[in-house]
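Please look at the sequence and the 3D structure shown here, and keep both in view while reading the report that accompanies them.

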Amino acid sequence: MRRSPRRALGSALRWLGVKVCRRSALLLVLVWLASWLFLNGLVFVHRNMFSDFCTDDKSKEILRRVCDEYQQGVLSGDLCDDLCVAGRVEYKRCLYYENGKKVMAASWRGVPVVLKSKLENFSSYEALALLEYQDGAGGTGEEELSPLDVVFYATLEIKNSLGLETGTNLTLPRLWGQKLKESERTYSRAELASLWALLQQEEYIFLRVLQDLTHHVAKILGSCGHFYAVEFLAAGHAWDQQIFSLEELSLSASPSPGSGRDEMFTAGDMVPRVALSFLEMVEHFENDFSHRLHLCDIKPENFAIRKDLTVVAIDVDMAFFEPKMRDILEQNCTSDNDCNFFDCISKCDRTKNRCGPKRQNSNLQVICEKIFRPWFSPTLLGAKAGLPLQVALQRAVQECAEIGEGRRAVRQRLRALLVELAQEDSGNQAEGQEHKMGRVHTALNF
């Protein structure tokens with residue numbers, strides 16, 4: 001039987017209508033799913049971006065929680081009473097949050113300081129195993145560990161954090177441990193818990209241990225629980241060709257050693273003197289410890305200067321002694337690019353597909369590349385760029401930045417040129433000096 005054209009057309013339209021409805025429904029489902037994914041992505045990004053967003057309200061709340069735990073006897077420290085009871089610590093501003101790390105500016109008894117902690121909460125740090133064992137064994141929580149117990153556990157944690165073997169002939173933990181032994185007293189649970197939280201922060205360990213051996217690291221002045229206070233210094237700026245500001249230097253709390261009065265410097269004095277202090281710092285880090293100290297994140301923001309223009313490392317999260325540096329570099333590879341760990345680079349052995357454990361460049365080479373080159377560039381020097389001494393200095397900096405042999409000769413030539421430039425600019429040769437703090441903090445000097 002033959003169907004009429006009108007009936008056939010109606011059937012076709014109904015079929016198309018059903019298909020269009022199905023497509024519309026499918027499209028709506030896809031749009032809803034895409035919107036849901038997009039909104040959840042925004043929430044995830046927002047949480048990750050702004051969870052570490054630095055605000056004064058959040059910083060004050062963090063310090064309030066620290067004080068609450070101090071009042072409850074959970075944590076302790078030589079900074080706690082002034083922070084939480086006497087009101088001698090005045091919060092100034094939030095400096096930055098980064099990967100959980102909290103850094104704030106404050107004033108302690110009128111002295112500018114920086115408060116730091118790797119993690120926000122005291123409870124986020126791993127508890128001392130021996131204290132947990134005492135609890136599990138039915139202890140009352142009032143037992144106290146002897147100084148020898150503290151030295152033993154602290155030494156193991158320090159060596160583990162620094163990447164050093166227990167059998168290494170290392171003087172650093174012994175230097176610290178001797179002070180604990182000499183105190184001849186036991187320590188409370190809050191003190192030990194606070195010490196253990198501090199020992200889980202690599203930067204704290206580096207600064208605390210090295211400040212007894214070199215004046216080129218920031219001084220730790222005190223602590224409260226997991227937060228520790230370091231001296232406030234004029235940090236460098238990547239956006240400033242001069243890197244360090246004379247205006248900000250005047251705000252630094254660090255006094256010049258000697259007569260008690262601050263020596264005045266001009267911009268011309270500052271550059272060669274600070275450069276000489278960088279060279280002195282490199283010498284210290286390479287020769288004055290049991291193992292060479294490698295700086296793998298060299299940038300202006302990670303250094304500061306005291307009022308006498310001494311260079312100070314203020315962020316050592318990416319600093320490693322030789323044994324740990326070798327472990328970090330010795331990884332699988334297919335090319336030399338796989339062997340670059342920030343500013344510390346190695347070479348790929350393609351026969352083994354393994355990076356060599358020995359670092360190929362040096363601290364000084366990276367400093368010459370990232371800091372000295374901008375300082376002594378023709379753009380910054382202007383009319384002085386063509387002077388014989390400046391030309392020789394630019395060549396020495398270029399040679400210093402290149403990887404190769406004869407590094408000591410290059411360093412000596414660079415130092416001689418900088419000394420000559422300092423004498424030419426100010427008439428006084430820049431010399432490294434030892435610095436002494438009026439108050440020395442120890443982890444258990446609470």
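The report below goes through pockets and cavities, strands, helices and a few single residues.

## The model and its largest pocket

This is a predicted model, and the values in this report are computed from it. The largest pocket holds about 970 Å³ of space. Its lining is made up of 41 residues, and those closest to the centre of the pocket are Y96, K101, K116, N302 and D315. Sorted by class, the lining of this pocket has 19 nonpolar, 7 polar and 15 charged residues.

Several elements of the chain take part in this lining, and each of the following supplies at least two residues: strand 1, strand 2, strand 3 (111-117), helix 5 (147-162), helix 8 (202-210), strand 5 (227-231), strand 6 and strand 10 (319-321). Strand 1 gives the most, with 4 residues.

## Enclosed cavities

Rolling a probe the size of a water molecule over the atoms shows where empty space is left. In this structure there are 3 cavities of 30 Å³ or more, and the largest cavity has about 70 Å³ of space. The residues that line the largest cavity are L295, C296, D297, N302, F303, A313, D315, V316, M318 and A319. By class, 7 of these lining residues are nonpolar, 1 is polar and 2 are charged.

Two of the names in this lining, N302 and D315, also appear among the residues closest to the centre of the largest pocket. Two others, F303 and A313, return below as bridge partners.

## Strands and how they pair

Strands of a sheet pair through backbone hydrogen bonds, either parallel or antiparallel. Strand 1 (residues 89-98) and strand 2 (residues 101-108) pair in the antiparallel sense over 8 bridges, and within this pairing Y97 of the hairpin stands opposite K102 in strand 2. The hairpin has 2 residues between its strands, and N99 takes a positive phi near 50° there.

An open sheet of 3 strands, with antiparallel pairing, has the order 6-8-9. Strand 6 (234-235) and strand 9 (311-313) stand at the edges of this sheet, and because each has a single partner strand, one side of each is left without a neighbour in the sheet. Strand 8 (residues 303-305) runs antiparallel to strand 9 and is joined to it by 3 bridges; F303 has A313 in strand 9 as its bridge partner.

## Two residues with a positive phi

Most residues other than glycine have a negative phi, and most peptide bonds are trans. N99 has a positive phi of about 50° although it is not a glycine, and this residue is placed in the loop between strand 1 and strand 2. Its relative accessibility is 73%, so N99 counts as exposed.

R109 is also not a glycine and has a positive phi, with a value near 55°. The place of R109 is in the loop between strand 2 and strand 3, and at 58% relative accessibility R109 counts as exposed.

## Two helices

Helix 8 is mostly covered, since 8 of its 9 residues are buried. The buried residues are E203, Y204, I205, F206, L207, R208, V209 and L210.

How far apart are the end C-alpha atoms of helix 14? At 1.5 Å a residue, the 14 residues of helix 14 (residues 388-401) should span 20 Å, and the end C-alpha atoms are indeed 20 Å apart, so the expected span and the distance agree. The buried residues of this helix are L389, Q390, L393, A396, V397, C400 and A401. Seen down the axis of helix 14, these buried residues fall within an arc of 130°, so they line one face of the helix. The face turned away from the buried side carries the exposed residues P388 and R395.

V391 also lies in helix 14, and with a relative accessible area of 27% it is partly exposed. V391 and S377 are 14 residues apart along the chain, and their C-alpha atoms are separated by 9.6 Å.

## A buried cysteine in a loop

C339 is placed in the loop between helix 11 (322-329) and strand 11 (340-341). Is C339 buried or exposed? Its relative accessibility is 2%, and because buried means under 20%, C339 counts as buried. The C-alpha atoms of C339 and R354 are separated by 8.6 Å, and the two residues are 15 residues apart along the chain.

Definitions and conventions: Residues are numbered from 1 along each chain as its sequence is written. This is a predicted model: local features need pLDDT of at least 70, side-chain atom pairs count only at pLDDT 80 or more; totals for chains, interfaces and linings use all residues. Side-chain values use heavy atoms; hydrogens and water are left out. On a 1 Å grid over the protein atoms alone, a cavity is a set of points where a 1.4 Å probe fits but cannot get out, and a pocket is an open set with protein on both sides within 12 Å along at least five of seven lines; lining residues have an atom within 4 Å of a point. Grid points are joined across faces, edges and corners, and a volume is the space filled by probe spheres set on the points. Ala, Val, Leu, Ile, Met, Phe, Trp, Tyr, Cys and Pro count as nonpolar, Asp, Glu, Lys and Arg as charged, and the others, Gly among them, as polar. The expected span of a helix is 1.5 Å times one less than its number of residues. Buried means under 20% relative accessible area, exposed over 50%, partly exposed in between (1.4 Å probe, protein chains only). The arc is that of the directions from the helix axis to the C-beta atoms. Two strands pair if DSSP finds at least two bridges between them.
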